[in-house]
Amino acid sequence: MSRRVVVIDNGAGKVKIGLAGSPCPKVLGNYVVKSSKEKKRFVGTDELAKVKSALSYQRPFDRGYLLNWELEKEIWDAGLGNENPGDCDLILTEPLFNPESLRKSQWEVVFEDFGFSGLFTCSAPFLSMTGERLRHPDSQFGRSPACVVLDTGYSFTHSVPFFDSQKINYGVKRVNVGGKALTNYLKEVISYRQYNMMEETWLINMLKERFCYVSLDFLRDLDKTKLRGSANPIGLEYVLPDYDENLTGYVKEAASEKPATAEPMATAPTADGTAAAAAAGPQATPPDQILKLNNERICVAEALFSPSDIGVNQAGVVEAIVQSVSECVPALHAPLYANVLVTGGNALIPNFVKRLERDLRTMAPIDMELNVIVPDDPVLCAWHGGSLLAQQPGFERLLVSKQTYEEYGGSYLS
């Protein structure tokens, strides 16, 4: 690799920026945060806000496509730091089937505003596939010319079949459920059942990541959530933050929970005849706000497998893979099922991959081998793939140079 190459995996939820060959990139949230309590703006992070209540998020992406470049440039500036783009080439991910008008704006920003010397654009699934093959060239995945990449991220979930490193366009399937939809669903359910949490994006997303999981037997676990007390292994109580002494909240210990009864318990008298409630005198602290999480823990992630549960009239992620394979020629079915790569932040949801593999096995032809591969880090998989690609001989031939852009302009895309 003769030139410095910057790799930007520009996801709608997080942007990963770093020099090719680096151990890991800088990871920023793809947003600008405004704090109503502190009257400050935070670019790419909400961790700097001392009070995380009622944070307002501005995102350059809308419905999976990059529309606000002024906001995106602020975030890239924060990620690039002191790096001079004029001395670097750029590998940049873009959404699948990105409209030409948006691509022209993208090229204009890359070459005219930042001044990168060369550009190679591709989808995140392509980089994930490339990286996995370069890391494990002797594995079955590395040797096979065909594979399916399930990229389940912030805005969408895509099932993308590849043959000979080229995506099979007519086999690409999209499910309009991603991490954002899951967070919004949990926000709406809690706001309807308990407290109004529609402005608490940070808190709800944290609860989703910590406590929601994929059930391996959804109907059985749903029945368990109807039980009370210790008979219900799924329900929990979470003490909400007060943003004074308790900044993040915590799980209420089972030992401190009151016994579950069908009727409210009367206050038992003490030995001297006074009510036990008298202990809660003037010196008592204000009661904690308790959020009860029960069937929400399994229903939120279930939307990936059954989008109709949240009003999305589409097939789930398992059916999307089956449809992708079915659209391809029959000769590719066996190698596609044998090489299914799962990437994206939702792959980190507990039991997601196990449920995906189990349900896919029931829908795939019984005589075909099924292998589901998960990278060591599904979130950074695409960035690492771009880093490895930049170090391959002949990478320069993939680049569009700034000179070529200045000669042909946006017409080069056509």
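**Cavity linings**

I looked up the lining of the largest cavity first, in what is a predicted model. By class, five of its residues are nonpolar, four are polar and one is charged. The classes I used: Ala, Val, Leu, Ile, Met, Phe, Trp, Tyr, Cys and Pro are nonpolar; Asp, Glu, Lys and Arg are charged; the others, Gly among them, are polar. The lining consists of Asn10, Phe61, Leu66, Trp69, Thr93, Glu94, Pro95, Asn98, Leu102 and Gln106. This cavity holds about 60 Å³ of space.

My cavity rule: on a 1 Å grid over the protein atoms alone, a cavity is a set of points where a 1.4 Å probe fits but cannot get out, and lining residues have an atom within 4 Å of a point. Grid points are joined across faces, edges and corners, and the volume is the space filled by probe spheres set on the points. I count two cavities of 30 Å³ or more this way.

The second largest cavity has about 50 Å³ of space. I find Ala12, Arg59, Phe61, Asp62, Arg63, Gly64, Tyr154, Ser155 and Lys180 around it. Its lining has three nonpolar, two polar and four charged residues. Phe61 is listed for the largest cavity and again for the second largest.

**Ground rules and confidence**

Residues are numbered from 1 along each chain as its sequence is written, and side-chain values use heavy atoms, with hydrogens and water left out. Local features need pLDDT of at least 70 and side-chain atom pairs count only at pLDDT 80 or more, while totals for chains, interfaces and linings use all residues.

I checked pLDDT, the predictor's confidence in each residue, from 0 to 100. The protein chain averages 89, and 90% of the residues score at least 70. Over residues 255-284 the pLDDT is below 50, and this stretch has 14 contacts in the model beyond near neighbours in sequence. A contact means heavy atoms within 4.5 Å. Among the elements, strand β5 (residues 40-43) has the lowest mean pLDDT, 87, and strand β18 (residues 340-343) the highest, 98. Elements are DSSP runs numbered from the N terminus: helices are H or I with at least four residues, strands are E with at least two.

**Positive phi after β12**

Most residues other than glycine have a negative phi. Which residues did I note with a positive phi? Aspartate 164 has one of about 55°, and serine 165 one of about 65°. Aspartate 164 sits in the loop between β12 (157-163) and β13 (166-167). Serine 165 is found in that loop between β12 and β13 too. I use buried for under 20% relative accessible area, exposed for over 50%, and partly exposed in between (1.4 Å probe, protein chains only). Aspartate 164 is exposed at 54%; serine 165 is partly exposed at 30%.

**Histidine 158**

Histidine 158 lies in strand β12. Is histidine 158 buried or exposed? It is buried, because its relative accessible area is 13%. Leaving out residues up to four places away in sequence, histidine 158 touches Leu96, Val149, Leu150, Asp151, Val172, Lys173 and Arg174.

**Helices α3 and α9**

Helix α3 (residues 124-135) has 12 residues, which at 1.5 Å a residue should span 16 Å. The expected span is 1.5 Å times one less than the number of residues. The end C-alpha atoms of α3 are 16 Å apart, which agrees. Of its 12 residues 10 are buried, so α3 is largely enclosed by the rest of the structure.

In helix α9 (residues 317-327) the buried residues are Val317, Val318, Ala320, Ile321, Val322, Ser324 and Val325. They pack against β11 (146-152), β12, β14 (173-175), α10 (333-337), β18 and α11 (352-363).

Methods. 1 Å grid on protein atoms, 1.4 Å probe; cavity = no way out; pocket = protein on both sides within 12 Å on 5 of 7 lines; lining within 4 Å.
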